[in-house]
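Reader: I would like a close look at one part of this protein, a pair of packed helices. Please start with the pair and then say how the surroundings fit in.

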Amino acid sequence: MSTPLITLNAITLAFGHHALLDKADLMVSSGERIGLIGRNGAGKSSLLKLIAGQIHPDDGEIKRASALKVETVQQEPELDESLTIFELLSGDYLEQEDWQRPARANMYIDELELHGDSSIKGLSGGMRKRVALARALVNEPDLLLLDEPTNHLDFEGISWLENVIKNARCSVILITHDRRFLDNVANRIIELELGRILSFPGNFTRWSERKAEWLAAEALEHERADKLLAQEEAWIRKGVRARRARNEGRVRRLEQLRRERSERRERQGNVSMAIAEGRRSGKVVVELENIKHGYGDKLLIKDFSTTIMRKDRIGLIGPNGSGKTTLLKIILGKITPDSGTVKLGTNITVGYFDQMRAQLDEEATVAETINPGSEWVEIGTQRKHVTSYLEDFLFSPKRSQSPVKSLSGGERARLALARMFTQPANILVLDEPTNDLDIETLELLEELLQEYDGTVLLVSHDREFLNNVVTQTIATTGDGLWREFVGGYDDWTEQLLSETPSTKNPNNDQHKLEKAVKKSTENSESKNDKKADIRRQKTARITSWEQRELDELPLKIAEVEQKQAELAEQLSDPDLYKNDPDQVEKLNNKNIELSELLEKLFDRWEELEEKSAAGQQ
């Protein structure tokens, strides 16, 4: 039985004239794993700070369960660099009475393969994120708040975090752009949009379906309201003299319609992207032959050869520190390898997007960053004013005059993309481009890269992004060795798992990658194996009563899905969380029951379909 942990009633929060929350309501209960999504700048991080008690609302009420313990892991965690990892996690530097804490600290140190005596100072971004996550978990919170937890984590770290969240005793609210991650861990999605908090039961895929239905219904409602407003405006313009008692109600209704129309806040526009493509490169972009390279005693690349052709879209996969960025720079001719040959093709122009946004001058304005010394940019055959071009990337004219140092992480990512797209290029090199981008912008970038006529080289830990963009993969197999695979992330994992296992060094990259892949797939594979066993046992000629059951199943499935849609509509009503929190819990429990029933119906349908097909052979 879930219990409310925190309830937000009619919360208002604004910075200047921009309202991030406008009389918003939310209730978080025990056992929930909530994905918080929304456009960059919508106020997601501010909402987490409200929940954590780090900031206070302008208006409204926040109710917390007695002795509620909340832990937050920020995008860029602040850690005391004078401590070792064990000291930070165990609390040796604090006066505390939790005698079990050192044991918990050691447990997470072992799980994460950390070195407890290592200094915090000098840790990589991915390792700092792991330590910050471990510190939060060691504190045993009731509610864990995670702001972009997958940033800087490699596949192994992401897999570990997925399992931690799914098995956690605490409730979790997380902000992330990683759609696969949301699908794997979330049992509820809340979206922050234009000051409202919208709630949808289920994971990201379920949210996508329900959101599409909700937007269609909202558009129809707005269309009807606008049509009625136009009719009433036409009526009032006729100059009706007789505003007698029988017309006063209509006049009041017109005034109300006007107020509602003026208060209706339109959805923020989407980013509009286009690439200034350069001349076509030669058919062969680059040839590498027997490349070897390393730093000190660490060999990153050993005897690697490949040929990259025009229009290839290649993803580079490997743990943090395995040499992905180094390999990219060798491919581009920016680093000369220790041995081997690199042959660059003809007419090559490169657009580079690096994960640290190093191309951005902190002191320059947003407009100056796009095209220094000119107010115009040329994208293909189009010539645009810089201010107009920046509006395509959701920078207002006023914001375009702001210094780069004032931008949020998401704004920096959009600006870096906007700048790169103005420079004619036939090779796009993207090093972790998905960090800080909201989901809608991410999907638009995917579409743009799919249609791009040049070559794409991509480093990313976003599994869905890799699947949707790349056509082949170059992955490390450990000890400096790299191999080519056909397809994206899922294709790579299937090929990796299908190969005969060999004796491996448990500390090399290949072993770590396989461990991460197996962790993320073992649950679904086990489940599928059980289903297959049941089907094999039961496959025989279908009986007449089973055929009737098979014929009726589509209708039963449709009825359950209709009930789920009705529940989702009820749960998206913010007033429900304020006026009847008990009903919210009942509806959520009912939705879980319907999801389980739906899965059973689909399993039964598949089983009977197989029996029917077997009987016809």
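Author: The helix pair comes first, then one residue of it, then a strand residue and the whole chain.

This is a predicted model, in which local features need pLDDT of at least 70, side-chain atom pairs count only at pLDDT 80 or more, and totals for chains, interfaces and linings use all residues. Residues are numbered from 1 along each chain as its sequence is written, and side-chain values use heavy atoms, with hydrogens and water left out.

Two packed helices are described by the angle between their axes and the distance between the axes. Here the pair is helix 4, residues 125-138, and helix 5, residues 155-167. Helices are DSSP runs of H or I with at least four residues, strands are runs of E with at least two, and both are numbered from the N terminus. The two helices pack at an angle of about 15 degrees, and their axes are 12 Å apart. That angle makes helix 4 roughly parallel to helix 5 (under 35 degrees; over 145 is roughly antiparallel, 65 to 115 roughly perpendicular, and the rest oblique). Axes are lines fitted to C-alpha atoms, for helices over the stretch in contact, and angles run from 0 to 180 degrees between N-to-C directions.

Helix 4 passes helix 5 in a left-handed crossing, meaning that the near helix is turned anticlockwise from the far one by less than a right angle; clockwise would be right-handed. On helix 4, the contact (heavy atoms within 4.5 Å) is made by Arg130, Leu133 and Leu137. Helix 5 contributes Glu156, Gly157, Trp160, Leu161 and Val164. These residues divide into five nonpolar, one polar and two charged. Ala, Val, Leu, Ile, Met, Phe, Trp, Tyr, Cys and Pro count as nonpolar, Asp, Glu, Lys and Arg as charged, and the others, Gly among them, as polar.

Alanine 132 is also found in helix 4. With a relative accessible area of 4%, alanine 132 is buried (under 20%; exposed is over 50%, partly exposed in between, with a 1.4 Å probe and protein chains only). Leaving out residues up to four places away in sequence, alanine 132 touches Val73, Pro77 and Leu79. Proline 149 is 17 residues from alanine 132 in sequence, and their C-alpha atoms are 9.8 Å apart.

Serine 29 lies in strand 2, residues 18-29. Serine 29 is buried, at 7% relative accessible area. Beyond four places in sequence, serine 29 touches Ser2, Thr3, Pro4, Leu5 and Ser171.

The protein has 19 helices and 20 strands, and 48% of its 617 residues count as buried.
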